[in-house]
Amino acid sequence: MSSNDILKVAVIGGDGTGPEVVAEGVKVLKAVADLEGFAVETREFDYGGARYLATGEVLPKGAIQELSQFDSILLGAIGHPDVAPGILERGLLLQMRFAFDQYINLRPVKLFPGVETPLAGKTPEDIDFVVVRENTEDLYTGIGGFLKKGTADEVATQTAIYTRKGCERCIRWAFEYTRRRNRKKQLTLVAKTNVLTYGHDLWWRTFQDVAREYPDIKPDYNHVDACCMWMVKNPEYYDVIVTTNMFGDIITDLAGILQGGMGVAAGGNINPEPGGTSMFEPMGGSAPKYTGQNVINPIATISAVAMLLEQAGRQSAADRVIKAIQLVTGTKMKSQAAGKMGYGTREVGDLVVEHLNA
Ligand code: IPM
Ligand code: MN
């Protein structure tokens, strides 16, 4: 928390529908701060595809330093039809994760009332778990290269790196989180120890070591392929999952669709250290075809705001937002799909604001 107890939030709307959903997130953030009696200061940054096309740079010099002055960052979406894949992902999203050492990628997987899941017969009681994904290592570090590129003898390498420090801090945070969450008190390590006998052996040994410090938490293990089956068959089995960066990326899209899809799934890129800068985002992309039509679902972004508030130590404000979302999905919205909500983007934001007092 910054001085004077003002919550300072940097807002990056980004591309496509990003600015529209972020506007609703900021609306809810300001309304809940008023109700809870604390001050919020927001500042908008125009980073994204359009700026890149105009200036040739994704993040200008000094951007990281400037953003580090804020308590948190709210990011809409990146992805522009005229920008080659990878440029914005690496230059903006991954750059921020690495520069701010946001080593936790937190993905709550909660089916809100009234939200449709593709899993037959499963209810909000069944789909309520959290994935803690390591966010700074693995295949994401960009280590690798080509030999004889473009020839018949071409070789490509892409190296996964895992460090004791990197997996230990993530695993320890996950144990702490499981304890705080206080539900089944079960933490499942998801990896592939039967094949990745070096990297995931390090994860396995570290998990065993840290588990000894948490006798109240049940340590559990799934291979990643089996996890994908169980998550669909028995989502109620899970409480908290901790996993590597690459596997976490994959299983959180699976998990996201179980909770109703990209209109509702939110995530946090968290640096939990004192003074750390964390970033919160809806999981959906920039959905360019819906831009400017007031049809995109802002619920994921509003959920990201709830996560931001929780990380900023504003638990009662976060609880208010989640409760309001649940009332709106449960009693107002017809669907979570863009254009089928029964309301426009702005109206859904207004509805959440109206229900903050419930
Ligand atoms: C995510 C996204 C990113 C990732 C992409 C956009 C680089 O899929 O946050 O899950 O792979 O981490
Ligand atoms: Mn992903």
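The centres of domain 1 and domain 2, taken over C-alpha atoms, are separated by 24 Å. That is a good place to start our walk through this predicted model, so let us get to know the two domains.

The protein is divided into domain 1, made of residues 1–115 + 262–358, and domain 2, made of residues 118–258. Where do the two domains meet, and how many residues of domain 1 are in contact with domain 2? On the side of domain 1 there are 21 residues, and they are in contact with 25 residues of domain 2. The size of an interface is often given as the accessible area lost when the parts come together. Here the area buried between domain 1 and domain 2 is about 2100 Å², and carbon and sulfur atoms give 58% of it. Within domain 1, Tyr-103, Val-109 and Leu-111 lose the most area to domain 2, and together they account for 31% of what that side buries.

Polar groups join in here too. Across the interface of domain 1 and domain 2, 12 residue pairs are in polar contact. Helix H4 (87–99) and strand S4 each supply at least two residues of the side of domain 1 that touches domain 2. S4 gives the most to that side, with seven residues. As for charged pairs, the count between domain 1 and domain 2 is two salt bridges.

Now step inside, to the nonpolar residues. The largest nonpolar core has 81 residues, and Val-242 and Leu-309 are those with the most contacts inside it. Helix H9 (residues 299–311) provides the largest share of this core, with eight residues. Why does this core lie between the domains? Domain 1 and domain 2 both give residues to the core, so it lies between them. You can pick out Leu-309 and look around it: leaving aside residues up to four places away in sequence, Leu-309 touches several residues, including Leu-7, Leu-29, Val-32, Phe-38 and Val-321. Apart from the core of 81 residues lies another core, of 19 residues, with Ala-10, Leu-59, Leu-67 and Leu-75 among them.

Let us turn to charge. Side chains of opposite charge can pair when their charged atoms come close. In this model the count comes to 24 salt bridges. One of them brings together the side chains of Asp-350 and Lys-27, at 2.6 Å from N to O. Asp-350 lies in helix H11 (residues 345–354) and Lys-27 in helix H1 (residues 18–36), so this pair ties together parts that are 323 residues apart in sequence. Are these two residues buried, exposed or something in between? Asp-350 counts as partly exposed, at 31% relative accessibility, and Lys-27 counts as partly exposed at 27%.

A salt bridge can also sit within one helix, as the next pair shows. The side chains of Glu-168 and Arg-164 meet at 2.9 Å, N to O. Glu-168 and Arg-164 are four residues apart in helix H5 (residues 164–181), so about one helical turn separates them. Glu-168 is partly exposed at 21% relative accessibility, and Arg-164 is partly exposed at 33%.

Helix H5 also holds Arg-179, which is linked to Asp-216 in the loop between helix H6 (199–211) and strand S9 (218–223), 37 residues apart. The closest N and O atoms of the salt bridge between Asp-216 and Arg-179 are 2.8 Å apart. Asp-216 is partly exposed, with a relative accessible area of 30%, and Arg-179 is partly exposed at 32% relative accessibility. Some salt bridges share partners: they join Arg-164, Glu-168, Arg-172, Asp-209, Arg-212 and Glu-213 into one network.

Our last stop is Thr-117, in the loop between strand S4 (104–110) and strand S5 (128–134). Is Thr-117 buried or exposed? At 14% relative accessibility, Thr-117 counts as buried, because the cut-off for buried is under 20% relative accessible area. The side chain of Thr-117 reaches the backbone oxygen of Leu-258 at 2.8 Å. Not counting residues up to four places away in sequence, Thr-117 touches Leu-111, Lys-122, Ile-127 and Leu-258.

Terms used
Residues are numbered from 1 along each chain as its sequence is written. Chains are lettered from A and ligands numbered from 1 in the order in which they are written. This is a predicted model: local features need pLDDT of at least 70, side-chain atom pairs count only at pLDDT 80 or more; totals for chains, interfaces and linings use all residues. Side-chain values use heavy atoms; hydrogens and water are left out. A salt bridge is a side-chain nitrogen of Lys or Arg within 4 Å of a carboxyl oxygen of Asp or Glu. Buried means under 20% relative accessible area, exposed over 50%, partly exposed in between (1.4 Å probe, protein chains only). A polar contact is a pair of N or O atoms within 3.5 Å; within protein, one must be able to donate a hydrogen and the other to accept it, and residues adjacent in sequence count only if both atoms are side-chain atoms. Contact means heavy atoms within 4.5 Å. A nonpolar core is a set of buried Ala, Val, Leu, Ile, Met, Phe, Trp, Tyr and Cys residues joined through side-chain atoms within 4.5 Å. Domain bounds come from an automatic or database domain assignment. Buried area is the accessible area (1.4 Å probe) that two parts lose on being put together, summed over both.
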